[in-house]
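Colleague: Could you take a close look at one helix of this protein and tell me how its buried side is arranged, with the cut-offs spelled out?

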Amino acid sequence: MALVNPFIFQVVGYQNRGKTTFITNIIKQLREAKLETAVLKHHGHGGKPDVTATKDSNKHFHAGAAASLVEGDGTIELLGNFKGKAPITELVQLLCLFLPDVILIEGYKQEDFPKVILIKEESDLLLLERLTNVKAAVAWPECLERTRNHASVPVFPLDSDQFITWFLEQI
């Protein structure tokens, strides 16, 4: 059911706010709604992401190949080096090759795609003021009321399905 252009949406928040778990849950619910999802995750911990060196594709990559692609039974694994830093627009274009209905971006807080912010602590509320194109917030129980009082966008409890209902309406 691939849409003409994928719906692109960011999930942002500080480290250890549950972004990966939150995205995993969204993917499962989108799958139930018959929507294909692709994910772009920013490795925000500095340095290159860890890759295991035991596979042939990784050996090719570590030997100096600019990119190494492995395909098997319709599944691919890609390792590559961009010259310089990989622009997010090119990474999104790469994901579009898979014809997803939705592209979820984890991180890249400063990008201007529509986004939801995960709020776990009071200090996270600053993101509501500093980031662009914020469409919603999802708050942990201990910060829910404070977030609702501070936000000018819809605020959903982390432990409910209210966000996914709203999200599906946006698509």
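**Helix α3 in its setting**

Modeller: Of the contacts in the protein with a separation of 6 or more (a contact meaning heavy atoms within 4.5 Å), 50% come from residues 24 or more positions apart. This is a predicted model, in which local features need pLDDT of at least 70 and side-chain atom pairs count only at pLDDT 80 or more, while totals for chains, interfaces and linings use all residues. Residues are numbered from 1 along each chain as its sequence is written, and side-chain values use heavy atoms, with hydrogens and water left out.

The protein has six helices and eight strands, where helices are DSSP runs of H or I with at least four residues and strands are runs of E with at least two, both numbered from the N terminus. Along the sequence they follow the pattern β-α-β-α-β-β-α-β-β-α-β-α-β-α. Of the 171 residues, 37% count as buried, that is, under 20% relative accessible area with a 1.4 Å probe and protein chains only.

Turning to the helix itself, α3 spans residues 88-96, and its residues Ile88, Leu91, Val92 and Leu95 are buried. These residues lie on the same side of α3 because they cover an arc of only 100 degrees around the axis, the arc being that of the directions from the helix axis to the C-beta atoms. As for their partners, the buried residues of α3 pack against three strands, namely β1 (7-12), β2 (37-41) and β5 (102-106).

Definitions and conventions: Buried < 20%, exposed > 50% of the residue type's maximum accessible area, 1.4 Å probe, protein only.
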